[in-house]
Amino acid sequence: MTADRRHERQLAVRDVMTRDGLDALLVTHLPNIRYLTGFTGSAGLLLVLPGSTVLVTDFRYSAQAPLEVGNSASVEIDQANVWNRLGRVLAAEGPAAVGVEGGYLTLRDADRLRALGRFNVVPTADLVERFRAAKAPAEVSAIIAAATLAQEALAEVLPSIRDGEREIDVAARLEGALRRRGSEWHPFQTIVASGPRAALPHARTTTRTIGRGEWLLLDFGAQVDGYCADLTRTVVVGARADDRQRAVYDVVRRAQARALAHVAAGMTGREADALAREPIVTAGFGEAFGHSLGHGLGLEVHEAPRLSPTAEAALPLHAVVTVEPGVYLPGWGGVRLEDDVYLGPDGPRCLSDNRTELIELL
Ligand code: ZN
Ligand code: ZN
């Protein structure tokens with residue numbers, strides 16, 4: 001059993017509440033509720049108060065919620081209306097200022113909340129997320145488990161991929177392999193993009209037939225104990241790579257290797273991004289790398305910090321981030337390579353296998 005950090009996480013949140021003059025914090029973003037209590041349900045309102053934490057949810061979770069949250073929160077189940085139940089909890093407490101998550105509370109729910117009492121509703125930003133960015137050892141272990149599982153699923157499926165089959169059939173086998181190995185769910189829609197479609201950084205998987213000698217870009221993830229891994233590999237199907245494919249692949253691979261070797265806590269997201277962007281620009285493909293280098297990974301597949309040309313914030317110690325440079329040439333195709341890296345006190349540690357030698361599936 002790993003250390004239970006839920007109480008210390010809540011204490012850290014309470015410190016910020018005190019500093020910001022909040023008498024209560026209403027947490028509605030589900031990954032934040034999970035982080036603070038362990039609750040994995042799809043609906044719930046978490047109220048963090050100075051001396052207690054209350055999770056309000058509905059009948060579907062009457063058995064599950066108490067089991068999951070243990071003594072990290074008291075659970076109130078309301079079959080009729082969770083907002084009315086929240087109102088009763090607030091009335092007993094009498095807060096003057098109730099913080100809400102500005103990025104997540106809908107306008108409708110803000111109106112519902114205001115109708116519950118005569119307190120100020122105060123928008124907050126990243127109040128819980130700021131703590132989630134630095135991972136504890138158990139969180140890093142879960143991401144390693146997810147990455148390992150994803151790599152094994154890919155290793156199983158890769159040798160079976162042939163030109164003449166459809167992208168969606170490859171996705172079906174890959175998703176099946178991920179689930180059989182224990183992935184809780186696909187943290188995002190699996191991308192299997194062939195030929196010119198590999199030039200679309202966020203392509204949907206389609207029924208297109210993979211042609212001989214074409215690129216096949218696979219961007220996929222796994223989830224273990226709620227924590228996500230996110231990997232991309234790009235391979236050539238049915239033939240040897242041609243000279244241009246080799247040249248572009250080599251640029252992306254060198255850029256990724258440079259970033260993986262040197263990315264570190266304390267540098268800004270912009271500096272990290274530049275590690276990969278500079279060699280791509282030097283090779284003449286600057287315009288073809290139109291997205292940012294990476295993003296944080298954790299309970300969400302996209303979370304803080306950002307590694308991008310506009311990210312001036314320093315990367316936190318113990319963050320886990322993706323490093324995923326790409327070169328996309330419309331009409332021709334594209335290459336992206338993505339691995340997951342932990343930013344520790346002794347430097348970066350790749351959590352995925354970084355198996356990026358050019359694979360030709362013959
Ligand atoms: Zn990805
Ligand atoms: Zn990613």
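Leaving aside its neighbours within four places in sequence, with which residues is Phe 285 in contact? In this predicted model, the contacts of Phe 285 outside that sequence window are with Val 248, Val 251, Ile 280, Val 327 and Leu 329. Phe 285 belongs to the largest nonpolar core, a set of 36 residues, in which Phe 285, Val 263 and Val 327 are the residues that touch the most other members. At least two residues of this core are supplied by each of β7, β8, α9, α10 (269–282), β12 (320–323), β13 (326–329) and β15 (339–344), and the largest share, amounting to seven residues, comes from α9. Another core, of 31 residues, lies apart from this one and includes Ala 65, Val 69, Leu 127 and Val 140.

Strands β7 and β8 also take part in an open sheet of four strands, arranged in the order β7-β8-β9-β17 with mixed pairing. The edges of the sheet are formed by β7 (191–194) and β17 (360–361), each of which pairs on one side only. Strands β8 (residues 214–224) and β9 (residues 227–237) run antiparallel and are joined by 11 bridges; in this pairing, Leu 218 has Arg 233 of β9 as its bridge partner.

Two helices pack on the sheet. Helix α8 (residues 167–180) touches β7 and β8, and its direction makes about 25 degrees with that of β8, whereas helix α9 (residues 243–262) touches β8, β9 and β17, with a direction that makes about 35 degrees with that of β8. Helix α9 thus packs on the sheet and also provides the largest share of the 36-residue core.

Notes: Residues are numbered from 1 along each chain as its sequence is written. Chains are lettered from A and ligands numbered from 1 in the order in which they are written. This is a predicted model: local features need pLDDT of at least 70, side-chain atom pairs count only at pLDDT 80 or more; totals for chains, interfaces and linings use all residues. Side-chain values use heavy atoms; hydrogens and water are left out. Two strands pair if DSSP finds at least two bridges between them. Contact means heavy atoms within 4.5 Å. Axes are lines fitted to C-alpha atoms, for helices over the stretch in contact, and angles run from 0 to 180 degrees between N-to-C directions. A nonpolar core is a set of buried Ala, Val, Leu, Ile, Met, Phe, Trp, Tyr and Cys residues joined through side-chain atoms within 4.5 Å. Buried means under 20% relative accessible area, exposed over 50%, partly exposed in between (1.4 Å probe, protein chains only).
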